[in-house]
Amino acid sequence: MKKHNFSAGPSILPQEVILKSSQAVLDFNDDGLSILEISHRSKAFIDVMENARALVIELLGLEGKGYKALFLQGGASAQFLMVAMNLLEKKAGYLNTGAWSNKAIKEAKNIGDIYEVASSKDANFNYIPKGYSIPSDYDYFHCTSNNTIFGTQMKSFPNSPIPMVCDMSSDIFSRVLDFTQFDLIYAGAQKNMGPAGATLVVVKEEILGKVSRTIPTILDYKSHIDADSMYNTPPVFPVYTTMLTLEWLKNLGGIKAIEEMNELKAQVMYSEIDLNPLFKGFAVKEDRSLMNATFTLENDKLKETFETMLKEAGISGVNGHRSVGGYRASMYNALPIDSVKALVEVMSELESKA
Ligand SMILES: *Cc1c(COP(=O)(O)O)cnc(C)c1O
């Protein structure tokens, strides 16, 4: 039986995408070959790549605005370095909102001077810093839109006088934003798009070519743009599956439609966390993530009972990250509201038992 999948990543995909992609593993386009064994230079796959890239730009509302979508490898973690390699001449400003921001800062420090414009470390990253200013003489500003581990999310973005780079690994395609405010967006596929193995980069071309260093070819966005995201063998299967997820999203009504569903799921989840005296939310209310709800049990003695009940209800993947503890319900685009209701039901059942 299919479980309620709250995994933080790799995570749930729409069931129809799983079915279509498994069919393509057996026989892609009824052509007698598996998607796993065709050339990435075949017309069939070039069409997939072009369609996936076009869907990204279309869904984000970036058509005709000078952006290119790329599917690269190395995860969001490789982007921590690649962003700096391509954009950092001297100094850059980073907003430190948790574990992933920290890693981004650490890698960029290999390339130049990195300044934290603000940090929420003082409260174990349970909030998003506000009211900071971004120096106009820096090369770029970097932020993390959704903090997967801590369960916080930026509800608005600063008016940046310099190019704005955003790690959207865990909330891309989940809510309506003016995506033109960003100059570079990156995201590992495995949270809201597809299986692990592909990394999406959306870059405004005009910000490139401004650093004096020689960038190794594989790390240069321009080589990937010039080669239509096929500089080397792309992750064929993850790109195909991502394309299917983007088609699913488009058929659903795009980001606007999924945003409404995501808001409803989060509302159901957080009202239980707030109303049930056995549980306590981790993130401050105004900065709560619509994607990852973090919470703890007030009384540790109920842990075993709660976890047994979760298991019996077929609920999977709600354990919190080790740096926060407790629980984390990841409610990515593909998670049905019925899964959230199933989790909330277990929480309220625990209350009636306690
Ligand atoms: C998961 C995650 C990453 C790391 O992604 P990899 O693809 O494993 O490198 C980076 N940033 C955020 C916000 C994440 O959620």
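A residue is called buried when its relative accessible area is under 20%, and exposed when that area is over 50%. The legends below apply this definition to a predicted model.

**View 1. The surroundings of Phe28, a residue in the loop between two helices.** Phe28 lies in the loop that runs between helix H1 (15–26) and helix H2 (43–59). Because its relative accessibility is 4%, Phe28 counts as buried, the cut-off being under 20%. Leaving aside neighbours within four places in sequence, Phe28 is in contact with Leu33, Ser34, Ile35, Ile38, Ala44, Val48 and Tyr240. One of these contacts, Ala44, is 16 residues away from Phe28 in sequence, while the two C-alpha atoms are 8.9 Å apart in space.

**View 2. The surroundings of Thr245 in helix H6.** Thr245 has its place in helix H6, which covers residues 236–252. With a relative accessibility of 4%, Thr245 counts as buried. When residues up to four places away in sequence are not counted, Thr245 touches Leu13, Pro14 and Val17, and also Asn192 and Met193.

**View 3. The contact between domain 1 and domain 2.** The domain assignment divides the protein chain into domain 1 (15–252) and domain 2 (254–353). Taken over C-alpha atoms, the centres of these two domains are separated by 27 Å. Where the domains meet, 30 residues of domain 1 are in contact with 27 residues of domain 2.

**View 4. The protein chain that frames the close-ups, with its 9 helices and 14 strands.** The C-alpha atoms of the protein chain fill a box of roughly 65 × 55 × 30 Å along the principal axes. For 354 residues, a compact globule would have a radius of gyration near 20 Å, and the 21 Å of the protein chain agrees with this. Among contacts between residues at least 6 apart in sequence, 66% join residues that are at least 24 apart. Buried residues make up 55% of the 354 residues in the protein chain.

**View 5. The surface and the charged side chains of the protein chain.** The protein chain exposes about 15300 Å², and carbon and sulfur atoms supply 50% of this area. There are 35 positive and 42 negative side chains in the protein chain, and the centres of the two sets lie 4 Å apart.

Conventions:
Residues are numbered from 1 along each chain as its sequence is written. This is a predicted model: local features need pLDDT of at least 70, side-chain atom pairs count only at pLDDT 80 or more; totals for chains, interfaces and linings use all residues. Side-chain values use heavy atoms; hydrogens and water are left out. Helices (H or I, at least four residues) and strands (E, at least two) are DSSP runs, numbered from the N terminus. The radius of gyration is taken over C-alpha atoms; the globule rule is 2.2 Å times the number of residues to the power 0.38. Buried means under 20% relative accessible area, exposed over 50%, partly exposed in between (1.4 Å probe, protein chains only). Contact means heavy atoms within 4.5 Å. Accessible areas come from the Shrake-Rupley method with a 1.4 Å probe; for residues, only the protein chains shown count as cover. Lys and Arg count as positive and Asp and Glu as negative; His and the chain ends are not counted. The place of a charge is taken as NZ of Lys, CZ of Arg, CG of Asp or CD of Glu. Domain bounds come from an automatic or database domain assignment.
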